[in-house]
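Reader: I would like a close look at one part of this model. Please start from a single residue and work outwards to its surroundings.

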Amino acid sequence: MRLSRLIKRDSKLLLTNNYGKGVLIVLIISLINFIINFVDKLAFNLCGYDLIRLSEDIYNYSQELFTSPIPFIISFVGLVIKMLLIVPILIGTLNFYLNITDKQNVSVSDIFSPYESKLFGKSILISLNLGIKRLFISLLFVAIPISVISVGVFTSSKDEMHPLFAPMLILVGSFMLLVALFLIEVFMQRYALAPILICNKYNYGVHKAVKTSTNYMKYHKGELIGFKLSYIGYLIPFILVNIMYFFTEETNFALIMLMEVLVFIVTNLTALFFVPYYLMGTTMYKRYLFELGEHIANANCQSVQDINQQDRSVNVDNANIQENNTNNENSNPQINNNNVENISSVNAEDTVITEEMNNTSQQEAPTQPTSTVIEALQVETEPTGKEQKTVGNTIDTEESNTEN
């Protein structure tokens with residue numbers, strides 16, 4: 001079974017006993033948003049600005065709005081109120097679904113928990129952080145498509161242009177705009193984990209949550225986009241009804257009212273059925289991606305620690321070898337000195353022995369005894385020099401007498 005199907009199945013199982021609470025949360029958020037928008041429109045009307053006229057003739061009427069700072073002040077105040085009321089509740093809703101993934105007992109009042117803790121400030125900061133990033137990226141991606149569409153709209157009133165030139169520019173610009181919006185969403189997926197990381201389960205700071213999300217989503221942005229698009233089947237009734245409403249003729253008042261009622265009913269029913277499952281599934285998938293990133297990071301850290309441990313052991317071995325070499329180098333002069341001393345002492349002893357032997361030979365030379373009996377006999381029978389001459393003369397005389 002594919003991972004997306006497995007997560008969808010488990011999210012439905014976890015939401016079985018909490019589906020009614022999820023629907024009630026959707027109704028509460030929709031009601032708060034409706035009240036804020038109603039007050040905002042009421043403020044515009046009290047100040048003399050007709051929003052219906054703005055929706056019908058946005059180009060001409062917007063020029064009148066730009067001449068006064070009051071519309072900007074009203075819009076800014078409405079934006080601040082919406083941020084202070086809606087954003088913490090949205091983070092509380094994520095906290096609600098995270099608790100469901102841990103199979104905890106949850107309550108609808110959990111969505112208001114950020115107002116009682118530091119999570120309120122972190123929810124505002126994370127909203128501003130991601131909002132500024134989205135605005136900056138949107139300006140980069142949308143600038144060219146908007147320029148192309150603007151040129152097409154401007155040249156549509158020029159008679160000297162080809163009649164198909166302006167429509168082609170608008171069509172190409174619209175296509176480029178759709179591509180740019182898709183690329184913006186893909187780019188912003190790198191921060192998808194940040195909102196759940198500041199919740200009570202993980203309790204990350206804003207900066208750490210954004211940095212961690214960027215690191216862990218580096219190779220998973222496409223996966224998360226694909227998982228979100230897998231829920232598009234739930235939106236088919238909503239899409240079809242809005243297409244029908246778009247092509248309804250304005251001249252038939254009854255048909256327009258009927259289509260508006262149908263759009264309202266289908267939109268709310270789709271939201272009530274779709275939003276709880278969507279939030280449950282995406283929360284589980286984001287938690288999976290975070291835990292996967294943690295597992296990979298811990299494995300990499302363990303590998304680095306093992307490598308460092310091996311490097312340290314090798315360094316210790318090298319240090320021991322160097323120390324042994326140093327000790328050997330230090331001990332070699334001592335050994336050499338000892339050898340020199342031993343050789344010198346041996347030479348000195350040999351010299352003493354030689355001198356003693358010489359002295360002994362000199363003292364005992366006249367009466368030196370023979371070593372063997374044969375030598376003794378030879379010494380005793382060996383004639384002296386004078387006796388040899390006498391014996392020689394006697395032998396010569398006897399030889400001469402014999403010849404005669």
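**Leucine 224 and its surroundings**

Author: Leucine 224 counts as buried, at 0% relative accessibility. Buried here means under 20% relative accessible area, exposed means over 50%, and partly exposed lies in between, with a 1.4 Å probe and protein chains only. The model is predicted, so local features need pLDDT of at least 70 and side-chain atom pairs count only at pLDDT 80 or more, while totals for chains, interfaces and linings use all residues. Residues are numbered from 1 along each chain as its sequence is written, and side-chain values use heavy atoms, with hydrogens and water left out.

Leucine 224 lies in helix H10, which covers residues 221–229. A helix is a DSSP run of H or I with at least four residues, a strand is a run of E with at least two, and both are numbered from the N terminus. Not counting residues up to four places away in sequence, leucine 224 touches Gln189, Ala192, Met217, Tyr285 and Lys286. Contact means heavy atoms within 4.5 Å. Of these partners, lysine 286 is 62 residues from leucine 224 in sequence, yet the two C-alpha atoms are 8.0 Å apart.

Lysine 286 leads on to a pocket. The largest pocket has a volume of about 960 Å³. Lys286 is among the residues closest to its centre, together with Leu90, Leu94, Leu130 and Pro195, out of 28 that line the pocket. Two or more lining residues come from each of helices H2 (19–46), H5 (70–101), H6 (119–155), H7 (165–188) and H12 (253–364). By type, the lining of this largest pocket has 16 nonpolar, 8 polar and 4 charged residues. In that count Ala, Val, Leu, Ile, Met, Phe, Trp, Tyr, Cys and Pro are nonpolar, Asp, Glu, Lys and Arg are charged, and the others, Gly among them, are polar. Pockets are sought on a 1 Å grid over the protein atoms alone: a pocket is an open set of points with protein on both sides within 12 Å along at least five of seven lines, a cavity is a set where a 1.4 Å probe fits but cannot get out, and lining residues have an atom within 4 Å of a point. Grid points are joined across faces, edges and corners, and the volume is the space filled by probe spheres set on the points.

H12 also takes part in the second largest pocket, which has a volume of about 470 Å³. Among its 15 lining residues, Ser30, Phe264, Thr267, Asn268 and Ala271 are the closest to the centre. H2 and H12 each supply at least two lining residues there, and H12 gives the most, with 10. The lining of the second largest pocket divides into 12 nonpolar, 3 polar and no charged residues.

Two further residues of H12 can be added. Threonine 270 is in H12 and is buried, with a relative accessible area of 11%. Its contacts, leaving aside neighbours within four places in sequence, are Tyr234, Leu235, Phe238 and Val275. Alanine 297, also found in H12, is partly exposed at 24%. The C-alpha atoms of alanine 297 and asparagine 215 are 9.8 Å apart, although their positions lie 82 residues apart along the chain.

Next, the core. The largest nonpolar core has 47 residues, and those with the most contacts inside it are Phe96, Ile100, Ile126, Leu193, Leu197 and Phe290. Such a core is a set of buried Ala, Val, Leu, Ile, Met, Phe, Trp, Tyr and Cys residues joined through side-chain atoms within 4.5 Å. Beyond four places in sequence, phenylalanine 96 touches Lys21, Ile25, Val106, Ser107, Asp110 and Ile111.

The loops supply a contrast. Lysine 103, in the loop between H5 and H6, is exposed at 70% relative accessibility and has a positive phi of about 60° although it is not a glycine. Most residues other than glycine have a negative phi. Asparagine 203 also has a positive phi of about 60°; asparagine 203 sits in the loop between helix H8 (194–197) and helix H9 (206–216) and is exposed at 53%.

Finally, the whole chain: the protein chain has 14 helices and 0 strands, and 27% of its 404 residues are buried. Of its contacts with a separation of 6 or more, 72% join residues 24 or more positions apart.
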